[in-house]
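Work through the exercises below with the sequence and the model at hand. Each task is followed by a solution in steps.

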Amino acid sequence: MSALRTLALMAACVAPLAQAAAPADPAEFPACLAGLKAAAQAKGVSSATYERLTASLAPDLKVLELLDFQPEFKTPIWDYMASLVDEDRIADAQARLAQWQDVLQAVQTRFRVEPAFVVAVWGVESNFGRNFGQRPLLTSLSTLSCYGRRQAYFRGEFFDTLKIIQSGDVAEAQLVGSWAGAFGHTQFMPSTFLRLAVDFDGDGRRDLVGSVPDALGSTANFLTKAGWREGEPWGFEIRLPAGFDASLAGRRNKQALAFWRARGLVKVDGSPLPALEAQAGVLLPAGPNGPAFLVFRNFDAIFSYNAAESYALAIAHLADRIQGGAAFVTPWPTDDAGLSRAERKVLQTLLIARGYEIGTPDGILGDASRAAIKAEQQRLGYPVDGRAGQKLLSALRAAQPNTQ
Ligand code: CA
């Protein structure tokens with residue numbers, strides 16, 4: 001899911017929107033590209049490659065809007081989890097686990113990462129290869145190299161994209177992805193590709209677009225380089241004692257399990273914490289009144305794939321569920337639980353039946369869906385925030401309009 005990396009990227013740079021940028025002028029683009037050639041060559045892009053691949057580029061100024069986009073709707077973690085770890089994705093992942101069993105076994109042998117986690121990343125990053133993103137990387141990254149707030153960063157990604165094409169690993173036409181340049185089954189950024197992609201199927205090319213084995217191997221290589229420890233848990237749900245000092249919480253405040261045992265933490269079923277040598281931190285993704293977890297080093301490895309704790313929790317939980325693990329025991333601190341993708345489609349269908357034009361139901365709540373949701377919240381006397389949970393879905397199901 002390229003949007004995730006987009007969010008992480010935005011989170012890393014939301015801070016200063018202070019200086020108003022000068023309006024982007026497409027007429028300056030050719031001169032900008034010409035000015036970048038020497039720097040590209042210094043990074044290993046040949047003059048011929050640069051000339052060939054930039055000759056017909058034109059900027060896509062839409063990506064600048066996406067760079068500066070500030071979401072007015074902040075997704076609660078229970079909505080995020082409900083759509084990323086839903087029954088459809090669990091079943092899908094289990095099917096992939098069986099289909100790619102031999103490759104995943106070989107991947108584990110080489111990189112020491114358990115298959116369920118590799119498949120979970122695949123399922124969240126691209127919905128198992130269904131959503132790669134649509135934007136040509138060279139167009140997006142050259143635009144972001146010449147305009148906007150993060151030109152230095154994107155120039156590096158632009159040059160790395162040129163190098164990927166120059167090497168023959170992935171063809172230019174196949175390099176489409178998110179507005180920020182994440183591409184392929186695993187939604188690697190070009191720089192990540194150059195560092196960590198592997199040719200797992202042995203055809204001589206590292207192809208994260210056309211080769212599932214390359215994508216699975218590269219994901220495992222990423223995780224192992226990020227410090228994955230085979231056989232160690234990512235974490236597990238716990239129960240906090242009454243009066244737990246929440247200042248001890250935090251992924252980075254890792255302590256021996258004896259430390260946590262002494263402070264009254266138990267597994268969520270009430271049993272004692274296991275006897276493990278590894279250290280763990282307390283994760284409270286929705287504060288002290290929601291599900292609580294002890295998380296180990298492997299959680300950090302997932303976190304480094306996409307720097308958001310909610311993302312890491314979704315991957316970890318999906319991996320558990322693929323292997324028959326249970327849903328979280330402690331409910332999220334809300335009286336209006338989130339919707340699965342299937343439920344979001346039903347909601348969209350109900351909104352369309354009420355006359356809203358929101359396109360084809362796809363389970364993705366974009367701007368048009370949010371606007372329709374707000375209008376219905378207004379009508380129903382709900383808080384008008386654009387969020388859709390079980391309450392709104394139930395209300396619309398109960399009040400289906402007469403469409404005969
Ligand atoms: Ca290959």
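The expected span of a helix is 1.5 Å times one less than its number of residues. Helices (H or I, at least four residues) and strands (E, at least two) are DSSP runs, numbered from the N terminus. The model is predicted: local features need pLDDT of at least 70 and side-chain atom pairs pLDDT 80 or more, while totals for chains, interfaces and linings use all residues. Residues are numbered from 1 along each chain as its sequence is written, and side-chain values use heavy atoms, with hydrogens and water left out.

**Exercise 1. Helix 8**

Compare the expected span of helix 8 with the distance between its end C-alpha atoms, and state how many of its residues are buried.

Step 1. Helix 8 covers residues 115–126, and for these 12 residues the expected span is 16 Å. The end C-alpha atoms lie 17 Å apart, which agrees.

Step 2. Buried means under 20% relative accessible area, exposed over 50%, and partly exposed in between (1.4 Å probe, protein chains only). In helix 8, 12 of the 12 residues are buried, so the helix is largely enclosed by the rest of the structure. Among them are Trp 122 and Glu 125.

Step 3. Just after helix 8, Asn 127 has a positive phi of about 50°. Asn 131 sits in the loop between helix 8 and strand 1 (135–136); Asn 131 is partly exposed, at 40% relative accessibility.

**Exercise 2. The calcium ion**

Find the protein donors of the calcium ion and classify the site.

Step 1. Donors are N, O and S atoms within 2.8 Å of the metal (3.2 Å for Na, K and Ca); water is not among the atoms, so sites may look incomplete. OD atoms come from Asp 199, Asp 201, Asp 203 and, twice, Asp 214, and Arg 205 gives its O; these donors lie 2.2 to 2.9 Å from the ion.

Step 2. Along the chain, the donors have the spacing D-x1-D-x1-D-x1-R-x8-D.

Step 3. Six donors count as octahedral if opposite donors are over 155 degrees apart and all others between 65 and 115. Angles among the six donor atoms here run from 48 to 159°, and the site is irregular.

Step 4. Two of the donor residues, Asp 203 and Arg 205, can be checked for accessibility. Asp 203 is partly exposed, with a relative accessible area of 44%, and Arg 205 is also partly exposed, at 30%.

Note on methods. Four donors count as tetrahedral if all angles lie between 85 and 135 degrees; four count as square planar and six as octahedral if opposite donors are over 155 degrees apart and all others between 65 and 115; anything else is irregular.
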